[in-house]
Amino acid sequence: MTAGCLILEEHSPFPGDGSGAEWVPEWGEGLVLRRGESDFDTRMLFRWENHGRGFGYYTNYIVGACRVPAPSSGEYPVVVLPKIRDLDFFSIVSACAFGHSADTLDGILEIDFDAEPIEAPQARSLLTTVIAALYLTLMERLLAVGLKKDYIDIEENRRSVKGRVRWFRNLTVNTLRGHDERVVCRYGEYTVDTPWNRILKKALAACGDILHACPSGCRSRLQARVAGAISRMEGVDETRADLRSVRTVSRTGTVFRHYAAALKTARCILRFRDFALASDNASVSAVPPFWIDMPLLFERYARGLLEHSFPGQIIYQFRGLTGYPDFLSMKETLILDTKYIPALEGENIDAGIVRQLAGYSRDNRIRRVLGVDDPDATIACVLIYPEPVSAAVFNSTRSCPFGSASLREAMIPYGNYQHFYRIPLRLPLLP
């Protein structure tokens, strides 16, 4: 376990001492966390690029705790924290479940439990809050439609026959011992006390065990939500949960579509609780290496709010000829794209962003789905970017997160660009 680590913020020079302006062969283009099919889908902790101050290594909008190869030999731990301080991740993750997008929480968080832990109290608080919020959000969506029932096999020593008699078992348990008044039977029972529901409830209890590491501003809310979820799982015996006996849940269908993601996150919660209780990880600041995709989290946050505020009007990531715009507003004929960049309120924006959205607006496949047949007609392009606000302001505008009942009323024009607009989307801060 490493005693100290380098602490940085998103989108800042790496490693912060001026040495990142030189190319390091061990780092190459940067530290790849997940390689996708394209450069757009690849996630890197930091990368070699030019941010207007010359080429160098800069952290991306990925937060977490990882190990980085040292230029000479070995490696050292690095923690990247959000540039926006004191974000209320619980409220943000909960909003991702609005509409019908709770099943898209996958991919936001990745944890490597098998790697050497890192001592970083800030990172532990961040990870605990996000993983608990993710699981509670999925569970509340799941419990809203009810627990999935199924038939399970029960073997019982009874006074009357039910189901099939286990003759050999009955011989050894009852007949040879003179208990002819009883009989061992096996039968099926349709119940919520299924193997996967037991795991889900056990993970809820484990979730309550790790909440002490959460910030005080959201800890009581998380504890209340955990208690509420557990109370809705009466009839499920979590003491009989067996992780080895359940790999997947069968026949989930549309109604119970959240089960697969909930089970995956439940296993993650249980491993994290076991990690925290392990004797060699007794330090309250120990955390397994992990990373959180902040642009993806913000995109899913915007999706949840858009689907909640404008039901049936939003298309998510329509496949155009020039790419996948984040959102299309069918009713208001808009192309919307989320950018997790806190400072987009000025008159100038990056030329690459302008070219990206301009390409979408000229894509005939996108124009057709928006119902724009006139080749000379223009389509407004809108950037959605984060605006941190206090908990009081966020709660007062929760019913109207975009500031108005219409997206066009919320749009603010960019003075230097035609038909380009921005909408600040409120991100809550901890009270």
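**Close-up views of a predicted model**

**View 1. Strand β6 and its two neighbours.** L6 stands opposite V78, a residue of β6, in this model, which is predicted. Strand β1 (residues 6-9) and β6 run parallel and are joined by four bridges, whereas strand β5 (residues 62-69) runs antiparallel to β6, with six bridges between them. On the β5 side, G64 has V80 of β6 as its bridge partner. The hairpin formed by β5 and β6 has five residues between the strands, and G74 in the turn has a positive phi of about 75°. Strand β6 (residues 75-81) is mostly covered, five of its seven residues being buried.

**View 2. Aromatic rings around Y57.** The structure holds 15 aromatic pairs. One of them is formed by F46 and Y57, which meet edge-to-face with 5.7 Å from centre to centre and 85° between the planes. This pair links distant parts of the chain, since F46 belongs to strand β3 (residues 43-50) and Y57 to strand β4 (residues 55-59), eleven residues apart. Both F46 and Y57 are buried. W48 also forms an edge-to-face pair with Y57, here at 5.0 Å centre to centre and 70° between the planes. W48 counts as buried because its relative accessible area of 19% falls under the 20% cut-off, and Y57, at 1% relative accessibility, is likewise buried. Ring pairs link F46, W48 and Y57 with F14, W23, W27 and F55 into a cluster.

**View 3. The salt bridge between helices α5 and α2.** A search of the whole structure finds 22 salt bridges, and in one of these the side chains of R225 and E140 meet at 2.4 Å, N to O. R225 lies in helix α5 (residues 216-231) and E140 in helix α2 (residues 121-145), so that the pair links parts of the chain 85 residues apart. R225 is partly exposed, with a relative accessible area of 31%, and E140 is also partly exposed, at 22%.

**View 4. Two further salt bridges.** R186 and E155 form a salt bridge in which the closest N and O atoms are 3.5 Å apart. The two residues come from distant parts of the chain, R186 from strand β11 (residues 183-191) and E155 from strand β9 (residues 150-158), 31 residues apart. Both count as partly exposed, R186 at 29% relative accessibility and E155 at 34%. In another salt bridge the side chains of E238 and K201 meet at 3.6 Å, N to O. Here E238 is partly exposed at 27% relative accessibility, while K201 is buried at 11%.

**View 5. An open sheet with mixed pairing.** Six strands make up this open sheet, in the order β14-β15-β16-β17-β19-β18. Its edge strands, β14 (314-316) and β18 (412-413), each pair on one side only. Strand β17 (residues 380-389) and strand β19 (residues 420-428) run parallel and are joined by nine bridges, with L425 in β19 as the bridge partner of P386.

**View 6. Charges over rings, and a nonpolar patch.** The charged end of R303 sits over the ring of Y316 at 4.1 Å from its centre, and that of R422 sits over the ring of Y414 at 5.9 Å from its centre. F168, L171 and L176 make a nonpolar surface patch of about 350 Å². Within this patch, L171 has its place in helix α3 (residues 167-173) and is partly exposed, with a relative accessible area of 35%.

How values were computed: Residues numbered from 1 in each chain as written. Predicted model: local features only at pLDDT ≥ 70, side-chain atom pairs only at ≥ 80, totals over all residues. Heavy atoms only, no water. Patch = residues over 30% accessible without salt bridge, like charges linked within 9 Å, V, L, I, M, F, W, Y side chains within 5 Å. Areas by Shrake-Rupley, 256 points an atom, 1.4 Å probe, with all protein chains shown as cover. Salt bridge = Lys/Arg side-chain N within 4 Å of Asp/Glu carboxyl O. Buried < 20%, exposed > 50% of the residue type's maximum accessible area, 1.4 Å probe, protein only. Pairing = 2+ DSSP bridges. Phe/Tyr/Trp six-rings, centres within 6.5 Å; stacked < 30°, edge-to-face > 60°. Lys NZ or Arg CZ within 6 Å of the ring centre and 35° of its normal.
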